[in-house]
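Let's take a walk through this one, starting with a strand and its partners and ending at a helix. Have the viewer open as you read.

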Amino acid sequence: MGTPLFVKVCGLRTERDVEAAVEAGADAIGFVFAESPRRVDAGTARRLAARVPDGVLTVGVFRDQPPAEARALLDETGMRAVQLHGGEDLAYYDALRPDGRTLIRGAAVKGEVPRYGERGEDILLLDAPVPGAGEAWDLTGKQLPAPGQRWLLAGGLAPHNVAAAVHTARPWGVDVSSGIETSRGVKSPELITAFIAAARGARTES
Ligand SMILES: O=C(O)c1ccccc1NCC(=O)[C@H](O)[C@H](O)COP(=O)(O)O
């Protein structure tokens, strides 16, 4: 059996969905503060994050928002990690680094695959060009991060295809949003549970 796969579920907005994710064994739960149908306000995020046990990362997701705005929301809601999903530069990462939160860099694969560590990130999340759109990117011929580097495969994953994607790409972890929804922005506890089980099953077999 290899290293356990890290599983992040993103864009949760209800207690029911957070409970399903925790119960199923998610490693990280993302709360979207960027412009999105999945966006949550600070009060909702704080209330939901309070239901997440210490061992599970709570992740605030941002896209090109001023660092001061991001820091204020992260502090107010008690997030343990931050995911930057826009064109944030090294200076932006450096501004948040002293806070001690896990830094996740959401990077779009458009041609060449972005390299791990270019922003000093703890985790690199490789995604399709439009985040949260449920679209996969083509892995064919891509130079993926080296084994042992902490990177998440994202983009169009779902319970029915995550195992095959893990076998092909051999990521350190996976991230999902659209594939655990019944309609845009509406998560399904059953799909959350099925996704986490399918992802974990894939790594166990490898
Ligand atoms: O989910 C969003 O709406 C979103 C909006 C703005 C920035 C980031 C966003 N999501 C980031 C994620 O981590 C998604 O889970 C990831 O892009 C995968 O999405 P999907 O292809 O829908 O599974």
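Two strands count as a pair if DSSP finds at least two bridges between them. One thing to keep in mind throughout: you're looking at a predicted model.

Start with strand β1, residues 6-10. All 5 of its 5 residues are buried, so β1 is largely enclosed by the rest of the structure. Its side chains split between two directions: F6, K8 and C10 point one way, while V7 and V9 point the other way. Whichever way they point, all of these residues are buried, K8 included.

Now for β1's partners. One is strand β8 (residues 173-176), joined to β1 by 4 bridges, and the two run parallel. Another is strand β2 (residues 28-32), which also runs parallel to β1 and is joined to it by 3 bridges. V9 is a handy spot to see both pairings: its bridge partner in β8 is V176, and its bridge partner in β2 is I29. To get from β1 to β2, the chain passes through helix α1 (residues 15-24), and this β-α-β crossover is right-handed.

While you're on that helix, have a look at D17, which lies in α1. Is D17 buried or exposed? Its relative accessibility is 2%, and under 20% means buried, so D17 counts as buried. And what is D17 in contact with, leaving aside its neighbours within four places in sequence? The list is L12, K187, S188, P189 and I192. For a sense of distance, try A158: it sits 141 residues from D17 along the chain, and the C-alpha atoms of the two are separated by 16 Å.

Definitions and conventions:
Residues are numbered from 1 along each chain as its sequence is written. This is a predicted model: local features need pLDDT of at least 70, side-chain atom pairs count only at pLDDT 80 or more; totals for chains, interfaces and linings use all residues. Side-chain values use heavy atoms; hydrogens and water are left out. Buried means under 20% relative accessible area, exposed over 50%, partly exposed in between (1.4 Å probe, protein chains only). A crossover is right-handed if, with the strands pointing away from the viewer, the path from the first strand over the helix to the second runs clockwise. Contact means heavy atoms within 4.5 Å.
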